[in-house]
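Biologist: I am new to this structure. Please pick one glycine loop, look at it closely, and then work outward from there.

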Amino acid sequence: MSDDYLNRIGSLIRDARVKRGMSQSELAAVLETSQGAVTRIESGKQNLTLDSLAKISEALDTEFVSFAKSGVEGAVHLRIEGGRPLSGAIDVKTSKNAAVALLCASLLNKGTTTLRSLARIEEVNRILEVLDSIGVQTEWLEGTNDLRITPPAQIDLSTMDEAAARRTRTVIMFLGPLLHDLPQFRLPYAGGCDLGTRTVEPHLASLKHFGLDVEATHGFYEAKVTDATGTDKKIVLTERGDTVTENALMAAARDTGWTTIRNASSNYMVQDLCFFLELLGVTIEGIGTTTLRVKGVQEIDKDVEYSPSEDPIEAMSLIAAAVVTGSEITIRRSPIEFLEIELATLEQMGMRYTLSEEYTAANGRTRLVDITTHPGPLRAPIDKIHPLPFPGLNIDNLPFFALIAACAEGTTTIHDWVYENRAIYLTELTKIGGNVTLLDPHRVHITGPTRWRANEVTCPPALRPGVVILLAMLAAPGVSYLRNVYVINRGYEDLAERLNALGADVQPFRDI
(Lines give C-alpha, C1' and ligand atoms only; values in the text may rest on other atoms or scores of the structure.)
Protein backbone atom coordinates (compact mmCIF):
# COMPACT_ATOMS: atom_id res chain seq x y z
CA MET A 1 0.00 0.00 0.00
CA SER A 2 1.50 3.36 -1.06
CA ASP A 3 2.41 6.13 1.38
CA ASP A 4 -0.21 8.35 -0.26
CA TYR A 5 -2.98 5.86 0.44
CA LEU A 6 -1.72 5.25 3.97
CA ASN A 7 -1.82 8.99 4.67
CA ARG A 8 -5.34 9.31 3.24
CA ILE A 9 -6.60 6.30 5.19
CA GLY A 10 -4.98 7.62 8.35
CA SER A 11 -6.68 10.98 7.93
CA LEU A 12 -10.05 9.32 7.38
CA ILE A 13 -9.62 7.20 10.51
CA ARG A 14 -8.59 10.22 12.57
CA ASP A 15 -11.56 12.25 11.36
CA ALA A 16 -13.98 9.40 12.10
CA ARG A 17 -12.53 8.92 15.59
CA VAL A 18 -12.78 12.61 16.42
CA LYS A 19 -16.33 12.73 15.07
CA ARG A 20 -17.30 9.92 17.46
CA GLY A 21 -15.63 11.73 20.36
CA MET A 22 -13.09 8.96 21.02
CA SER A 23 -9.51 9.44 22.15
CA GLN A 24 -6.64 7.48 20.62
CA SER A 25 -6.34 5.45 23.82
CA GLU A 26 -10.06 4.61 23.76
CA LEU A 27 -9.84 3.43 20.15
CA ALA A 28 -6.71 1.44 21.00
CA ALA A 29 -8.58 -0.33 23.82
CA VAL A 30 -11.41 -1.33 21.48
CA LEU A 31 -8.90 -2.61 18.90
CA GLU A 32 -6.85 -4.34 21.62
CA THR A 33 -3.70 -2.56 20.54
CA SER A 34 -1.54 0.29 21.84
CA GLN A 35 -2.11 4.04 21.60
CA GLY A 36 1.20 4.24 19.76
CA ALA A 37 -0.14 1.90 17.07
CA VAL A 38 -3.21 4.13 16.63
CA THR A 39 -0.92 7.16 16.35
CA ARG A 40 1.10 5.43 13.63
CA ILE A 41 -2.07 4.43 11.77
CA GLU A 42 -3.44 7.97 11.81
CA SER A 43 -0.14 9.45 10.67
CA GLY A 44 0.09 7.03 7.72
CA LYS A 45 3.08 5.15 9.11
CA GLN A 46 1.41 1.77 9.72
CA ASN A 47 0.68 -0.83 7.05
CA LEU A 48 -2.89 -2.09 7.24
CA THR A 49 -4.53 -5.33 6.17
CA LEU A 50 -8.13 -5.56 5.02
CA ASP A 51 -8.89 -7.41 8.25
CA SER A 52 -7.50 -4.61 10.41
CA LEU A 53 -9.36 -2.00 8.36
CA ALA A 54 -12.57 -3.97 8.87
CA LYS A 55 -12.02 -3.96 12.64
CA ILE A 56 -11.41 -0.21 12.65
CA SER A 57 -14.51 0.32 10.51
CA GLU A 58 -16.60 -1.64 13.01
CA ALA A 59 -15.11 0.21 15.99
CA LEU A 60 -15.85 3.62 14.47
CA ASP A 61 -19.07 2.62 12.69
CA THR A 62 -17.60 4.05 9.49
CA GLU A 63 -17.02 2.36 6.14
CA PHE A 64 -13.39 2.66 5.00
CA VAL A 65 -13.29 -0.22 2.52
CA SER A 66 -15.80 -0.58 -0.28
CA PHE A 67 -15.86 -1.43 -3.95
CA ALA A 68 -17.39 0.74 -6.64
CA LYS A 69 -19.75 -0.69 -9.22
CA SER A 70 -18.87 -0.24 -12.87
CA GLY A 71 -19.75 3.16 -14.26
CA VAL A 72 -20.68 6.16 -12.20
CA GLU A 73 -23.41 4.41 -10.22
CA GLY A 74 -22.21 3.57 -6.74
CA ALA A 75 -19.15 5.79 -7.00
CA VAL A 76 -18.41 8.66 -4.67
CA HIS A 77 -15.62 10.42 -6.59
CA LEU A 78 -14.34 10.79 -10.16
CA ARG A 79 -10.76 10.74 -11.42
CA ILE A 80 -10.42 12.72 -14.67
CA GLU A 81 -7.38 12.70 -16.93
CA GLY A 82 -7.93 15.89 -18.88
CA GLY A 83 -6.56 17.44 -22.02
CA ARG A 84 -7.94 14.75 -24.32
CA PRO A 85 -9.97 15.70 -27.41
CA LEU A 86 -13.38 14.12 -27.88
CA SER A 87 -14.75 12.62 -31.09
CA GLY A 88 -17.61 10.49 -32.31
CA ALA A 89 -21.35 10.57 -31.69
CA ILE A 90 -23.50 10.30 -28.59
CA ASP A 91 -27.25 9.91 -28.07
CA VAL A 92 -29.08 12.24 -25.69
CA LYS A 93 -30.93 10.35 -22.96
CA THR A 94 -34.57 10.96 -22.13
CA SER A 95 -35.48 13.83 -19.87
CA LYS A 96 -34.86 13.67 -16.12
CA ASN A 97 -37.46 16.32 -15.39
CA ALA A 98 -40.08 14.66 -17.59
CA ALA A 99 -39.36 11.33 -15.88
CA VAL A 100 -40.04 12.63 -12.38
CA ALA A 101 -43.26 14.36 -13.48
CA LEU A 102 -44.50 11.19 -15.18
CA LEU A 103 -43.71 9.07 -12.13
CA CYS A 104 -45.85 11.39 -10.03
CA ALA A 105 -48.60 11.44 -12.68
CA SER A 106 -48.74 7.63 -12.63
CA LEU A 107 -50.46 8.02 -9.23
CA LEU A 108 -53.50 9.36 -11.10
CA ASN A 109 -53.96 6.05 -12.92
CA LYS A 110 -55.56 2.95 -11.42
CA GLY A 111 -54.30 0.96 -14.39
CA THR A 112 -50.76 -0.07 -15.31
CA THR A 113 -48.41 2.63 -16.59
CA THR A 114 -45.33 1.66 -18.61
CA LEU A 115 -42.75 4.38 -19.17
CA ARG A 116 -40.31 3.59 -21.98
CA SER A 117 -36.58 4.42 -22.10
CA LEU A 118 -36.60 6.09 -18.70
CA ALA A 119 -33.33 7.51 -17.39
CA ARG A 120 -31.93 5.28 -14.62
CA ILE A 121 -30.67 8.07 -12.40
CA GLU A 122 -30.56 8.69 -8.68
CA GLU A 123 -33.48 11.13 -8.77
CA VAL A 124 -35.63 8.42 -10.34
CA ASN A 125 -34.36 5.86 -7.83
CA ARG A 126 -35.37 8.06 -4.89
CA ILE A 127 -38.90 8.49 -6.26
CA LEU A 128 -39.19 4.75 -6.88
CA GLU A 129 -38.16 4.12 -3.27
CA VAL A 130 -40.95 6.43 -2.15
CA LEU A 131 -43.51 4.85 -4.49
CA ASP A 132 -42.54 1.32 -3.46
CA SER A 133 -42.82 2.24 0.22
CA ILE A 134 -46.45 3.40 -0.17
CA GLY A 135 -47.56 0.22 -1.95
CA VAL A 136 -46.95 1.03 -5.63
CA GLN A 137 -45.33 -1.85 -7.53
CA THR A 138 -42.50 -0.72 -9.80
CA GLU A 139 -40.54 -3.08 -12.03
CA TRP A 140 -37.75 -2.47 -14.53
CA LEU A 141 -38.45 -4.72 -17.51
CA GLU A 142 -35.54 -7.08 -18.03
CA GLY A 143 -32.75 -5.79 -20.26
CA THR A 144 -34.41 -2.41 -20.82
CA ASN A 145 -34.89 1.04 -19.33
CA ASP A 146 -38.65 0.49 -19.45
CA LEU A 147 -40.48 0.79 -16.14
CA ARG A 148 -43.83 -0.81 -15.30
CA ILE A 149 -45.87 0.88 -12.56
CA THR A 150 -48.83 -0.85 -10.94
CA PRO A 151 -50.76 1.04 -8.24
CA PRO A 152 -52.27 -0.60 -5.14
CA ALA A 153 -55.98 -0.57 -4.45
CA GLN A 154 -55.27 2.03 -1.78
CA ILE A 155 -52.08 4.05 -1.20
CA ASP A 156 -50.74 3.88 2.37
CA LEU A 157 -48.74 7.02 3.15
CA SER A 158 -48.06 5.84 6.71
CA THR A 159 -45.35 3.52 5.36
CA MET A 160 -43.61 6.18 3.24
CA ASP A 161 -39.81 6.08 3.13
CA GLU A 162 -39.29 9.56 4.57
CA ALA A 163 -35.50 9.50 4.14
CA ALA A 164 -35.87 8.98 0.38
CA ALA A 165 -38.67 11.56 0.18
CA ARG A 166 -36.57 14.23 1.87
CA ARG A 167 -33.73 13.71 -0.63
CA THR A 168 -35.82 14.88 -3.56
CA ARG A 169 -37.90 17.97 -4.32
CA THR A 170 -40.23 15.83 -6.38
CA VAL A 171 -42.32 14.84 -3.36
CA ILE A 172 -44.04 18.24 -3.58
CA MET A 173 -45.60 17.00 -6.85
CA PHE A 174 -47.46 14.25 -4.98
CA LEU A 175 -49.89 16.93 -3.77
CA GLY A 176 -51.74 17.26 -7.09
CA PRO A 177 -52.41 13.53 -7.63
CA LEU A 178 -53.11 12.60 -4.00
CA LEU A 179 -55.74 15.25 -3.30
CA HIS A 180 -58.21 13.25 -5.41
CA ASP A 181 -58.16 10.14 -3.21
CA LEU A 182 -57.17 11.21 0.30
CA PRO A 183 -59.22 13.69 2.34
CA GLN A 184 -56.30 14.18 4.72
CA PHE A 185 -52.59 13.32 4.40
CA ARG A 186 -49.06 14.45 5.20
CA LEU A 187 -45.87 14.61 3.12
CA PRO A 188 -42.28 15.24 4.27
CA TYR A 189 -40.65 18.53 3.37
CA ALA A 190 -39.00 18.40 -0.05
CA GLY A 191 -35.21 18.34 -0.45
CA GLY A 192 -32.84 17.99 -3.46
CA CYS A 193 -30.14 20.36 -4.67
CA ASP A 194 -28.90 23.09 -2.36
CA LEU A 195 -30.00 26.11 -4.38
CA GLY A 196 -31.29 28.31 -1.59
CA THR A 197 -34.84 28.80 -0.40
CA ARG A 198 -37.43 27.98 -3.05
CA THR A 199 -40.90 28.68 -1.73
CA VAL A 200 -43.67 26.16 -2.18
CA GLU A 201 -46.28 28.90 -1.86
CA PRO A 202 -47.06 29.01 -5.64
CA HIS A 203 -47.88 25.28 -5.47
CA LEU A 204 -50.18 25.73 -2.51
CA ALA A 205 -51.87 28.80 -3.99
CA SER A 206 -52.74 26.98 -7.22
CA LEU A 207 -53.95 23.82 -5.45
CA LYS A 208 -56.29 25.75 -3.14
CA HIS A 209 -58.60 26.00 -6.16
CA PHE A 210 -59.05 22.22 -5.88
CA GLY A 211 -59.90 22.30 -2.18
CA LEU A 212 -56.40 21.59 -0.87
CA ASP A 213 -55.31 23.37 2.29
CA VAL A 214 -51.75 22.78 3.49
CA GLU A 215 -50.10 23.70 6.77
CA ALA A 216 -46.34 23.28 7.23
CA THR A 217 -45.57 21.87 10.69
CA HIS A 218 -42.63 19.94 12.20
CA GLY A 219 -41.01 18.95 8.92
CA PHE A 220 -44.21 17.92 7.14
CA TYR A 221 -46.85 19.34 4.83
CA GLU A 222 -50.16 18.62 6.58
CA ALA A 223 -52.86 18.53 3.89
CA LYS A 224 -56.64 18.60 4.14
CA VAL A 225 -58.97 18.43 1.16
CA THR A 226 -62.50 19.74 0.79
CA ASP A 227 -64.62 18.83 -2.21
CA ALA A 228 -64.08 21.45 -4.90
CA THR A 229 -64.23 19.24 -7.99
CA GLY A 230 -66.63 19.54 -10.87
CA THR A 231 -66.58 23.32 -11.02
CA ASP A 232 -64.88 25.50 -13.63
CA LYS A 233 -61.72 27.14 -12.32
CA LYS A 234 -59.46 29.94 -13.47
CA ILE A 235 -55.96 29.86 -12.00
CA VAL A 236 -53.31 32.51 -12.51
CA LEU A 237 -49.92 31.18 -11.46
CA THR A 238 -47.85 33.78 -9.63
CA GLU A 239 -44.70 32.30 -11.17
CA ARG A 240 -44.29 30.46 -14.45
CA GLY A 241 -42.71 27.48 -12.77
CA ASP A 242 -42.42 24.04 -14.33
CA THR A 243 -43.32 22.00 -11.24
CA VAL A 244 -46.03 24.47 -10.22
CA THR A 245 -47.67 24.05 -13.62
CA GLU A 246 -47.30 20.27 -13.41
CA ASN A 247 -48.92 20.13 -9.98
CA ALA A 248 -51.88 22.18 -11.22
CA LEU A 249 -52.18 19.96 -14.31
CA MET A 250 -52.26 16.79 -12.22
CA ALA A 251 -54.87 18.27 -9.92
CA ALA A 252 -56.97 19.26 -12.94
CA ALA A 253 -56.56 15.83 -14.59
CA ARG A 254 -59.25 14.25 -12.38
CA ASP A 255 -61.47 17.29 -12.02
CA THR A 256 -64.51 17.06 -14.29
CA GLY A 257 -64.83 20.82 -14.61
CA TRP A 258 -62.83 22.98 -17.01
CA THR A 259 -59.63 24.35 -15.44
CA THR A 260 -57.90 27.30 -17.08
CA ILE A 261 -54.27 27.76 -16.05
CA ARG A 262 -52.75 31.11 -17.03
CA ASN A 263 -49.05 31.98 -16.93
CA ALA A 264 -48.40 28.27 -17.29
CA SER A 265 -44.96 26.95 -18.17
CA SER A 266 -44.73 25.57 -21.70
CA ASN A 267 -41.36 23.93 -21.09
CA TYR A 268 -40.35 20.49 -22.32
CA MET A 269 -41.27 18.48 -19.21
CA VAL A 270 -44.69 20.17 -19.02
CA GLN A 271 -45.37 19.25 -22.64
CA ASP A 272 -44.39 15.62 -21.97
CA LEU A 273 -46.76 15.55 -19.00
CA CYS A 274 -49.56 16.98 -21.17
CA PHE A 275 -49.00 14.34 -23.86
CA PHE A 276 -49.14 11.62 -21.18
CA LEU A 277 -52.30 12.99 -19.59
CA GLU A 278 -53.96 13.04 -23.01
CA LEU A 279 -53.29 9.29 -23.24
CA LEU A 280 -55.16 8.93 -19.94
CA GLY A 281 -58.21 10.59 -21.46
CA VAL A 282 -57.67 14.13 -20.18
CA THR A 283 -58.55 16.95 -22.59
CA ILE A 284 -55.88 19.67 -22.77
CA GLU A 285 -56.00 22.72 -25.01
CA GLY A 286 -53.07 25.10 -25.54
CA ILE A 287 -50.14 22.71 -25.14
CA GLY A 288 -46.94 24.66 -25.78
CA THR A 289 -48.53 27.98 -24.76
CA THR A 290 -48.86 29.84 -21.46
CA THR A 291 -52.61 29.25 -21.24
CA LEU A 292 -53.81 25.69 -20.70
CA ARG A 293 -57.47 24.59 -20.61
CA VAL A 294 -57.92 21.21 -18.99
CA LYS A 295 -61.00 19.01 -18.64
CA GLY A 296 -60.29 16.01 -16.49
CA VAL A 297 -62.01 12.69 -15.89
CA GLN A 298 -63.26 11.57 -12.50
CA GLU A 299 -61.62 8.15 -12.59
CA ILE A 300 -58.66 6.97 -14.67
CA ASP A 301 -58.12 3.24 -15.09
CA LYS A 302 -56.10 2.61 -18.25
CA ASP A 303 -53.14 0.48 -19.21
CA VAL A 304 -50.90 2.95 -21.04
CA GLU A 305 -47.39 3.19 -22.45
CA TYR A 306 -45.48 6.42 -22.94
CA SER A 307 -41.97 7.43 -24.02
CA PRO A 308 -40.71 10.75 -22.65
CA SER A 309 -38.67 12.88 -25.02
CA GLU A 310 -34.95 13.54 -24.88
CA ASP A 311 -33.39 15.94 -22.40
CA PRO A 312 -32.42 19.37 -23.78
CA ILE A 313 -30.31 20.07 -20.68
CA GLU A 314 -28.21 16.97 -21.27
CA ALA A 315 -27.87 18.00 -24.92
CA MET A 316 -26.60 21.42 -23.82
CA SER A 317 -24.11 19.85 -21.42
CA LEU A 318 -22.71 17.76 -24.28
CA ILE A 319 -22.43 20.88 -26.45
CA ALA A 320 -20.47 22.49 -23.60
CA ALA A 321 -18.23 19.41 -23.39
CA ALA A 322 -17.42 19.80 -27.08
CA VAL A 323 -16.69 23.53 -26.70
CA VAL A 324 -14.44 23.25 -23.64
CA THR A 325 -12.39 20.42 -25.17
CA GLY A 326 -12.27 22.00 -28.64
CA SER A 327 -13.85 18.91 -30.18
CA GLU A 328 -16.06 17.94 -33.08
CA ILE A 329 -18.76 15.56 -31.90
CA THR A 330 -22.29 14.74 -33.02
CA ILE A 331 -25.02 14.98 -30.39
CA ARG A 332 -27.84 12.84 -31.67
CA ARG A 333 -31.52 13.05 -30.68
CA SER A 334 -31.39 16.68 -29.53
CA PRO A 335 -34.83 18.30 -28.93
CA ILE A 336 -34.30 21.35 -31.12
CA GLU A 337 -37.42 23.28 -30.03
CA PHE A 338 -35.89 23.62 -26.57
CA LEU A 339 -32.38 24.53 -27.74
CA GLU A 340 -33.00 27.21 -30.36
CA ILE A 341 -32.25 30.22 -28.12
CA GLU A 342 -29.14 28.52 -26.76
CA LEU A 343 -27.86 27.80 -30.26
CA ALA A 344 -28.64 31.35 -31.40
CA THR A 345 -26.66 32.70 -28.42
CA LEU A 346 -23.74 30.42 -29.30
CA GLU A 347 -23.84 31.65 -32.89
CA GLN A 348 -23.47 35.22 -31.63
CA MET A 349 -20.37 34.06 -29.75
CA GLY A 350 -18.92 32.66 -32.96
CA MET A 351 -19.67 28.98 -32.56
CA ARG A 352 -20.12 26.88 -35.67
CA TYR A 353 -22.32 23.80 -35.88
CA THR A 354 -24.46 21.88 -38.35
CA LEU A 355 -27.91 20.39 -37.90
CA SER A 356 -29.41 17.29 -39.49
CA GLU A 357 -32.92 17.14 -40.89
CA GLU A 358 -35.59 17.05 -38.18
CA TYR A 359 -37.22 13.80 -37.10
CA THR A 360 -39.71 12.85 -34.39
CA ALA A 361 -39.13 11.51 -30.90
CA ALA A 362 -40.68 8.26 -29.71
CA ASN A 363 -43.54 10.22 -28.14
CA GLY A 364 -44.61 11.16 -31.68
CA ARG A 365 -44.62 14.88 -30.90
CA THR A 366 -41.19 16.33 -30.03
CA ARG A 367 -38.88 17.46 -32.86
CA LEU A 368 -35.32 16.09 -32.77
CA VAL A 369 -32.12 16.83 -34.70
CA ASP A 370 -28.49 15.72 -34.64
CA ILE A 371 -26.10 18.57 -33.80
CA THR A 372 -22.49 18.41 -34.97
CA THR A 373 -20.14 20.87 -33.27
CA HIS A 374 -17.16 22.46 -35.06
CA PRO A 375 -14.29 23.79 -32.91
CA GLY A 376 -13.14 27.36 -33.36
CA PRO A 377 -12.50 30.60 -31.49
CA LEU A 378 -15.32 32.18 -29.49
CA ARG A 379 -15.89 35.76 -28.35
CA ALA A 380 -17.76 37.08 -25.35
CA PRO A 381 -21.30 38.27 -26.14
CA ILE A 382 -22.01 42.00 -26.03
CA ASP A 383 -24.99 41.57 -23.73
CA LYS A 384 -25.26 39.56 -20.51
CA ILE A 385 -26.49 35.97 -20.64
CA HIS A 386 -29.54 35.32 -18.49
CA PRO A 387 -32.35 32.76 -18.44
CA LEU A 388 -36.06 33.23 -19.10
CA PRO A 389 -39.05 30.91 -18.97
CA PHE A 390 -39.48 28.90 -22.18
CA PRO A 391 -39.10 29.83 -24.97
CA GLY A 392 -36.22 31.81 -23.47
CA LEU A 393 -32.80 30.41 -22.58
CA ASN A 394 -33.42 27.55 -20.17
CA ILE A 395 -32.68 28.22 -16.50
CA ASP A 396 -30.90 24.86 -16.18
CA ASN A 397 -28.71 25.57 -19.22
CA LEU A 398 -27.32 28.84 -17.85
CA PRO A 399 -24.41 27.25 -15.90
CA PHE A 400 -23.08 25.70 -19.10
CA PHE A 401 -22.76 29.16 -20.59
CA ALA A 402 -20.44 30.04 -17.71
CA LEU A 403 -18.16 27.24 -18.88
CA ILE A 404 -18.46 28.30 -22.52
CA ALA A 405 -17.79 31.94 -21.58
CA ALA A 406 -14.56 30.81 -19.92
CA CYS A 407 -13.44 29.57 -23.37
CA ALA A 408 -14.33 32.83 -25.14
CA GLU A 409 -12.21 35.93 -25.70
CA GLY A 410 -13.39 38.76 -23.43
CA THR A 411 -15.60 39.14 -20.38
CA THR A 412 -19.12 37.72 -20.12
CA THR A 413 -21.73 38.60 -17.50
CA ILE A 414 -23.81 35.65 -16.32
CA HIS A 415 -26.99 36.67 -14.45
CA ASP A 416 -28.65 33.77 -12.61
CA TRP A 417 -31.64 35.67 -11.18
CA VAL A 418 -33.68 32.56 -10.32
CA TYR A 419 -31.59 30.90 -7.60
CA GLU A 420 -30.05 32.49 -4.54
CA ASN A 421 -26.84 30.45 -4.47
CA ARG A 422 -26.12 28.91 -7.85
CA ALA A 423 -23.98 31.74 -9.24
CA ILE A 424 -21.75 31.38 -6.20
CA TYR A 425 -21.02 27.77 -7.13
CA LEU A 426 -19.71 28.92 -10.52
CA THR A 427 -16.76 30.51 -8.72
CA GLU A 428 -15.47 26.95 -8.20
CA LEU A 429 -14.17 27.24 -11.77
CA THR A 430 -11.34 29.39 -10.36
CA LYS A 431 -9.89 26.25 -8.74
CA ILE A 432 -9.20 24.82 -12.19
CA GLY A 433 -7.98 28.00 -13.81
CA GLY A 434 -11.13 29.99 -14.52
CA ASN A 435 -11.21 33.76 -14.11
CA VAL A 436 -14.55 34.24 -12.33
CA THR A 437 -15.52 37.33 -10.34
CA LEU A 438 -18.59 37.18 -8.14
CA LEU A 439 -20.50 40.46 -8.33
CA ASP A 440 -23.37 39.45 -6.04
CA PRO A 441 -25.25 36.20 -5.24
CA HIS A 442 -26.81 36.25 -8.70
CA ARG A 443 -24.15 37.65 -11.07
CA VAL A 444 -20.62 36.71 -12.12
CA HIS A 445 -18.08 38.10 -14.59
CA ILE A 446 -16.17 35.42 -16.48
CA THR A 447 -13.10 36.37 -18.50
CA GLY A 448 -11.51 34.08 -21.06
CA PRO A 449 -9.98 32.32 -22.75
CA THR A 450 -8.89 30.06 -19.90
CA ARG A 451 -5.80 27.96 -19.41
CA TRP A 452 -7.32 25.10 -17.45
CA ARG A 453 -5.27 23.35 -14.79
CA ALA A 454 -5.85 20.08 -12.98
CA ASN A 455 -6.93 20.15 -9.35
CA GLU A 456 -8.93 18.32 -6.69
CA VAL A 457 -12.34 19.88 -6.09
CA THR A 458 -15.35 18.90 -4.02
CA CYS A 459 -18.43 18.77 -6.23
CA PRO A 460 -20.82 21.69 -5.64
CA PRO A 461 -24.09 20.55 -4.02
CA ALA A 462 -26.11 21.45 -7.12
CA LEU A 463 -26.52 19.32 -10.24
CA ARG A 464 -25.64 21.64 -13.14
CA PRO A 465 -22.70 23.45 -11.48
CA GLY A 466 -21.34 20.02 -10.55
CA VAL A 467 -21.39 18.94 -14.19
CA VAL A 468 -19.80 22.25 -15.22
CA ILE A 469 -16.79 21.49 -12.99
CA LEU A 470 -16.54 17.96 -14.39
CA LEU A 471 -16.57 19.21 -17.98
CA ALA A 472 -13.93 21.84 -17.24
CA MET A 473 -11.73 19.09 -15.83
CA LEU A 474 -11.98 17.29 -19.19
CA ALA A 475 -10.05 20.23 -20.67
CA ALA A 476 -7.46 20.56 -17.88
CA PRO A 477 -4.19 18.75 -18.75
CA GLY A 478 -3.21 16.28 -16.06
CA VAL A 479 -5.24 14.39 -13.47
CA SER A 480 -8.10 16.03 -11.59
CA TYR A 481 -10.32 14.64 -8.85
CA LEU A 482 -13.97 15.57 -8.42
CA ARG A 483 -15.17 14.42 -5.03
CA ASN A 484 -18.65 13.51 -3.80
CA VAL A 485 -20.47 13.36 -7.12
CA TYR A 486 -23.80 11.96 -5.93
CA VAL A 487 -25.53 15.13 -7.08
CA ILE A 488 -24.36 14.48 -10.67
CA ASN A 489 -25.77 10.95 -10.53
CA ARG A 490 -29.13 12.50 -9.63
CA GLY A 491 -29.51 13.79 -13.17
CA TYR A 492 -27.17 11.87 -15.52
CA GLU A 493 -27.09 8.19 -16.38
CA ASP A 494 -23.67 6.56 -16.94
CA LEU A 495 -22.11 9.94 -17.71
CA ALA A 496 -18.52 8.76 -17.16
CA GLU A 497 -18.92 5.74 -19.45
CA ARG A 498 -20.59 7.82 -22.15
CA LEU A 499 -17.92 10.52 -22.06
CA ASN A 500 -15.25 7.81 -22.18
CA ALA A 501 -16.86 6.43 -25.34
CA LEU A 502 -16.07 9.84 -26.90
CA GLY A 503 -12.41 9.64 -25.85
CA ALA A 504 -12.47 11.07 -22.32
CA ASP A 505 -10.82 9.33 -19.36
CA VAL A 506 -13.19 9.57 -16.38
CA GLN A 507 -12.93 6.85 -13.76
CA PRO A 508 -15.19 6.41 -10.71
CA PHE A 509 -13.60 5.43 -7.40
CA ARG A 510 -14.26 5.40 -3.71
CA ASP A 511 -11.94 6.15 -0.83
CA ILE A 512 -10.38 3.15 0.83
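Modeller: Gly296 counts as buried, because its relative accessibility is 8% and the cut-off for buried is under 20%. Keep in mind that this is a predicted model. Gly296 sits in the loop between strand E12 (291–295) and strand E13 (304–306).

What does Gly296 touch, beyond residues up to four places away in sequence? The list runs Ala252, Ala253, Arg254, Asp255, Thr256 and Gly257, plus Val282. Take Gly257 from that list. Gly257 and Gly296 are 39 residues apart along the chain, yet their C-alpha atoms are separated by 6.9 Å.

Now follow the loop onward to strand E13 (304–306). Asn109 makes contact with Val304. Ile300, Asp301 and Lys302 are also among the contacts of Asn109, as are Pro151 and Leu280. Those contacts leave aside neighbours within four places in sequence. Asn109 itself belongs to another loop, the one between helix H5 (96–105) and strand E3 (113–115). Is Asn109 buried or exposed? Asn109 is buried, since its relative accessible area is 0%, against a cut-off of under 20%. The side chain of Asn109 also has a polar contact of 3.1 Å with the side chain of Thr113.

Asn109 leads to a cavity. The whole structure holds three cavities of 30 Å³ or more. The largest has about 80 Å³ of space, and Asn109 is one of its lining residues. Leu107, Lys110, Val136 and Asp181 also line this cavity. So do Pro151, Pro152, Ala153, Gln154 and Ile155. Pro151 therefore appears twice, as a contact of Asn109 and in the lining, where a residue needs an atom within 4 Å of a cavity point. By class, the lining has six nonpolar, two polar and two charged residues.

The second largest cavity has a volume of about 40 Å³. Its lining includes Lys93, Thr94 and Lys96, with Ala119 and Ile121. Asp311, Glu314, Gly491, Tyr492 and Glu493 line it too. Here the classes are three nonpolar, two polar and five charged.

Back to strand E13. Another asparagine touches Tyr306: this is Asn363. Asn363 lies in the loop between strand E16 (359–360) and strand E17 (367–374). Asn363 is buried too, because its relative accessible area is 12%. Two polar contacts involve its side chain. One is with the side chain of Asp272, at 3.2 Å. The other is with the side chain of Thr366, at 3.0 Å. Beyond neighbours within four places in sequence, Asn363 is in contact with Asp272, Phe275, Tyr306, Ser307 and Ser309.

Asp272 points to helix H11 (268–279). Just before this helix comes a loop from strand E10 (258–262), and Asn263 lies in it. Asn263 has a positive phi of about 60° although it is not a glycine. Asn263 is partly exposed, as its relative accessibility is 24%.

Asn484 also has a positive phi of about 60° without being a glycine. Asn484 is found in the loop between strand E22 (478–483) and helix H17 (486–489). Asn484 counts as partly exposed because its relative accessible area is 42%.

Some loops carry a cis peptide bond. Strand E17 leads into a loop before helix H14 (398–405), and Pro391 lies there. The bond from Phe390 to Pro391 is cis, with omega near 15°. Pro449 lies in the loop between strand E20 (443–448) and strand E21 (456–458). The bond from Gly448 to Pro449 is cis as well, with omega near 0°.

Finish with a strand that has two partners. Strand E8 (residues 220–225) pairs antiparallel with strand E6 (residues 184–188) over five bridges. E8 also runs antiparallel to strand E7 (residues 212–217), joined by six bridges. Which residue of E8 stands opposite Gln184? Lys224 does. Lys224 is also the bridge partner of Asp213. Between E7 and E8 the hairpin has two residues, and His218 takes a positive phi near 50°.

Definitions and conventions
Residues are numbered from 1 along each chain as its sequence is written. This is a predicted model: local features need pLDDT of at least 70, side-chain atom pairs count only at pLDDT 80 or more; totals for chains, interfaces and linings use all residues. Side-chain values use heavy atoms; hydrogens and water are left out. On a 1 Å grid over the protein atoms alone, a cavity is a set of points where a 1.4 Å probe fits but cannot get out, and a pocket is an open set with protein on both sides within 12 Å along at least five of seven lines; lining residues have an atom within 4 Å of a point. Grid points are joined across faces, edges and corners, and a volume is the space filled by probe spheres set on the points. Ala, Val, Leu, Ile, Met, Phe, Trp, Tyr, Cys and Pro count as nonpolar, Asp, Glu, Lys and Arg as charged, and the others, Gly among them, as polar. Helices (H or I, at least four residues) and strands (E, at least two) are DSSP runs, numbered from the N terminus. Buried means under 20% relative accessible area, exposed over 50%, partly exposed in between (1.4 Å probe, protein chains only). Contact means heavy atoms within 4.5 Å. Two strands pair if DSSP finds at least two bridges between them. A polar contact is a pair of N or O atoms within 3.5 Å; within protein, one must be able to donate a hydrogen and the other to accept it, and residues adjacent in sequence count only if both atoms are side-chain atoms.
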